[in-house]
Amino acid sequence: MDAADALARWHAVVESREPAGLPALVAEHAVFRSPAVHAPQEGRDTVVGYLTAAFTVLGPELAYEREWLGEDSAVLQFRTRVGGYDVSGVDMITWDADGQIVDFTVMVRPKKALDAVIEHMGAELMRMLEAAGPTP
């Protein structure tokens, strides 16, 4: 699958605001990188968890404004509002030959907006963990 097709699949899930479509887009060994966490987050379930939380936190105002497409990757510039702050950022996505995400890197500015994203993402991830209940 080429990057344009993989990107179209990503946009379809984002536009639907339905995170149930995420697992099919993410490779088993995917990595998520964000300024909101100190280390890369690895594995499909973890990446899907972070992306699911981001759908909630970045919310209905999330809009991609520009994109640059490579052979197996894309850079997507976005804007949204979180905690009363205008958030500007980029998603850098790399796909494998099957069109599954293998690397998802987020960058956010300005710092006050990043701080708001960190706060809201932390709260959403905790809510998701509590809703999932205890692990065996």
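# A quick tour of the model

## Getting started

Helices (DSSP runs of H or I, at least four residues) and strands (runs of E, at least two) are numbered from the N terminus. What you see above is a predicted model, in which local features need pLDDT of at least 70 and side-chain atom pairs count only at pLDDT 80 or more, while totals for chains, interfaces and linings use all residues. Residues are numbered from 1 along each chain as its sequence is written, and side-chain values use heavy atoms, with hydrogens and water left out.

## Helix α1 and what comes after

Let's begin with α1 (3-16). Its 14 residues should span 20 Å at 1.5 Å a residue, and the end C-alpha atoms are indeed 20 Å apart (the expected span is 1.5 Å times one less than the number of residues). Buried residues of α1 are A3, A6, L7, W10, H11, V13 and V14; here buried means under 20% relative accessible area, exposed means over 50%, and partly exposed is in between, using a 1.4 Å probe on protein chains only. These buried residues cover an arc of only 165° around the axis, so they sit on the same side of α1 (the arc is taken from the directions from the helix axis to the C-beta atoms). If you wonder how a helix can do that, an α-helix has 3.6 residues a turn, so residues three or four places apart point the same way.

What does this side of α1 pack against? The partners of its buried residues are α2, β3 (63-69), β4, β5 and β6. Next comes R17, which follows α1 and has a positive phi near 55°. R17 is a residue other than glycine, sits in the loop between α1 and β1, and counts as partly exposed at 32% relative accessibility.

## Helix α3, from start to end

On the way into α3 there is a cis peptide bond, running from R109 to P110 with omega near -10°. P110 belongs to the loop between β6 and α3. Helix α3 itself covers residues 111-132, and its 22 residues reach 31 Å from first C-alpha to last, close to the expected 32 Å.

Which residues of α3 are buried? They are A113, L114, A116, V117, M121 and E124. Seen down the axis, they fall within an arc of 150°, so they line one face of the helix. The cover over these buried residues includes α2 (44-58), β4 (73-82), β5 (85-95) and β6 (101-109). Turn the helix around, and the face away from the buried side carries the exposed residues K111, K112, E119, L129 and E130.

Just after α3, G133 takes a positive phi of about 80°. At 29% relative accessibility, G133 is partly exposed. Its C-alpha is 32 Å from that of M92, and the two residues are 41 apart in sequence.

## The nonpolar core

A nonpolar core is a set of buried Ala, Val, Leu, Ile, Met, Phe, Trp, Tyr and Cys residues joined through side-chain atoms within 4.5 Å. The largest one here has 38 residues, and W10, L51, W95 and F104 have the most contacts inside it. The elements giving two or more residues to this core are α1, β1 (26-33), α2, β4, β5, β6 and α3. Top contributor is α2, with 9 residues.

W10 is a good residue to click on. Leaving aside neighbours within four places in sequence, W10 is in contact with L22, L25, L51, F55, Y64, L76, I93, I101 and F104 (contact means heavy atoms within 4.5 Å). Over in α2 you'll find T52, which is buried at 19% relative accessible area. With those sequence neighbours left out again, T52 is in contact with P19, L22 and M128.

## Empty space inside

A cavity is a set of points on a 1 Å grid, over the protein atoms alone, where a 1.4 Å probe fits but cannot get out, and lining residues have an atom within 4 Å of a point. Grid points are joined across faces, edges and corners, and the volume is the space filled by probe spheres set on them.

How many cavities of 30 Å³ or more does the structure hold? There are 2. The largest contains about 210 Å³ of space. Its lining has 19 residues, with F32, A54, L58, D91 and V106 nearest its centre. At least two lining residues come from each of α2, β6 and α3, and α2 supplies the largest share, 4 residues.

Key. 1 Å grid on protein atoms, 1.4 Å probe; cavity = no way out; pocket = protein on both sides within 12 Å on 5 of 7 lines; lining within 4 Å.
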